[in-house]
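The report below describes one protein model, beginning with a cavity and moving on to the core and a group of loops.

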Amino acid sequence: MPSDDPEIEVDFLRFFGLRSADTEGEDKDANVLVGTGSLGLRADASLLAVSNRFGLLFAGTANGFRWASLKELREHCKPGGEGGAAATFHAVSCAGKPLCLRLNADDSLLATIVVSGSEHKLEVYDVIGMVQGAGSSSSPLLMSQGLTEAAGAIDIQTSPTDPHSAVTISAVGDAILLCIHSNDGGINQLKLALPMNSLARSVGWSTSGANLFVGCTDGSVVRCSVTAPSTEGERLLAPPSGLDNHEVTLVSTISERFVLLGYDLPDVLRKEDPYTEPAVRVLDVKAAGDGAGEEVALHECAAGLFAGVREPGEADGELARRRLHCASLPAWRLAVVCSSDSDAVSCIGSRKGGETQRWQKWTLPDEEGPPSVPTFELGDVFEDQYIMGLGFDFGNEEQLVVVAGEHEIVMIPVLMSILQSRGIFEAHRRGSWTLL
């Protein structure tokens, strides 16, 4: 491992609640919208998508998703405003309970995996048609197709460059490359060739869209070519030391050269030890490709994602499901990581640039953040709630005074989140924090 510590204290990053509850703008609150209703969704759902191209927010519901204008949300969250509840939300019903929401490369399509009984389907929606037909009875659904037969798709990641390409991970460990034909409603499916005995658990795209990084159930990482999916992928990283029985449950490309990896025990094993904390590493793809071992290519980060005991809901069956969520800012060399069973918000970054980058957990002073996930409160109901998705809004223009008497600063970006509470009363809330 690199000689530097896995965490470092920093004083140059701060979080602020986005919404001003008073007209003076001094009483900050992270709550943008508080909702009620029984969601009954899986604990590993990922149900937030932000379109900065069209200025839209998409968030999952019990049987579909809702969308709204980010500009309208910002207007209602100005000092003294009514909050996000005053914004106009449009509801779209799906053929089952949503598991994942993903926008494609140019934000023109919204892909969602929905679960109905044992059937997993991919539904693709026309975003432009959705906005133009707002308020009409016409459906924005372009296609609905079953995926990977009985295996079921548990995740989907869209290409950062090709609007028609995506990849899914199945429950039995297959990685399936998709070519989506939105003009005729067809989908071509090609199974990626992984090394023998390798089973896919997670996946992420390279920034160029030319390669896929597949996280495997044995803790290894495989690099596959998009143009030659039938060619066996290259084992880029062997299972790291000290993480026995861990799967790679998160692959998130945070820059052209670096990929953030989340390691966790399988759902079945974690049920026996629910306090097991996920581990976070950052892979130097260039170093790994040049043959460097984990002591050089893998940066250890102190995740600080303190796991809580989240009881499985009805949709989880008997499994203690958990998902790691990540939203990154490559220009800042920063990634924000959350877990679906913790109230912690962890910052992973590199103070150094270029060839000397060293990714670590950034520990912020207690009085300045990072924030924790708030408790859900409605009347006499108090429940823990958990992250179901992260995304960045880059259109924020609200100005804050960081130090009294000094100039206002334009605050960008805004980190958006969607949360779900546990227990019988399952409500959802959307919140956001502004980063400086």
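The second largest cavity holds about 40 Å³ of space, where a cavity is a set of points, on a 1 Å grid over the protein atoms alone, at which a 1.4 Å probe fits but cannot get out, and lining residues have an atom within 4 Å of a point. Such a volume is the space filled by probe spheres set on the points, with grid points joined across faces, edges and corners. This is a predicted model, in which local features need pLDDT of at least 70 and side-chain atom pairs count only at pLDDT 80 or more, while totals for chains, interfaces and linings use all residues. Residues are numbered from 1 along each chain as its sequence is written, and side-chain values use heavy atoms, with hydrogens and water left out.

By this rule there are three cavities of 30 Å³ or more. The lining of the second largest is formed by Asn104, Leu109, Ala111, Val124, Thr158, Pro163, Ser165, Ala166 and Ile180. Six of these lining residues are nonpolar, three are polar and none is charged, counting Ala, Val, Leu, Ile, Met, Phe, Trp, Tyr, Cys and Pro as nonpolar, Asp, Glu, Lys and Arg as charged, and the others, Gly among them, as polar. Strands β11 and β15 (165-170) each supply at least two residues of that lining; helices (H or I, at least four residues) and strands (E, at least two) are DSSP runs, numbered from the N terminus.

The protein chain contains five helices and 36 strands. Of its 436 residues, 55% count as buried, which is to say under 20% relative accessible area, with exposed meaning over 50% and partly exposed in between (1.4 Å probe, protein chains only). The mean pLDDT, the predictor's confidence in each residue from 0 to 100, is 82 for the chain, and 78% of the residues score at least 70. Over residues 422-436, however, the pLDDT is below 50, although this stretch has 103 contacts in the model beyond near neighbours in sequence, a contact being heavy atoms within 4.5 Å.

The largest nonpolar core has 48 residues, of which Phe58, Phe65, Leu110 and Ile156 touch the most other members; a core of this kind is a set of buried Ala, Val, Leu, Ile, Met, Phe, Trp, Tyr and Cys residues joined through side-chain atoms within 4.5 Å. Strand β11 (residues 109-116) gives the most to this core, with six residues. Leaving aside neighbours within four places in sequence, the contacts of Phe65 include Phe58, His90, Leu110 and Met130.

Several loop residues can be set side by side.

| Residue | Loop | Relative accessible area |
|---|---|---|
| Asparagine 197 | between β17 (186-191) and β18 (200-205) | 71%, exposed |
| Asparagine 245 | between β21 (234-237) and β22 (247-253) | 58%, exposed |
| Aspartate 218 | between β19 (211-216) and β20 (221-225) | 33%, partly exposed |
| Proline 195 | between β17 and β18 | 8%, buried |

Asparagine 197 has a positive phi of about 70° although it is not a glycine, and asparagine 245, likewise not a glycine, has a positive phi of about 65°. Beyond neighbours within four places in sequence, proline 195 is in contact with Val222, Glu232, Gly233 and Arg235, and its C-alpha atom is separated by 7.6 Å from that of glutamate 234, 39 residues apart along the chain. On the same basis, aspartate 218 is in contact with Arg235, Pro239 and His246.

Conventions
1 Å grid on protein atoms, 1.4 Å probe; cavity = no way out; pocket = protein on both sides within 12 Å on 5 of 7 lines; lining within 4 Å.
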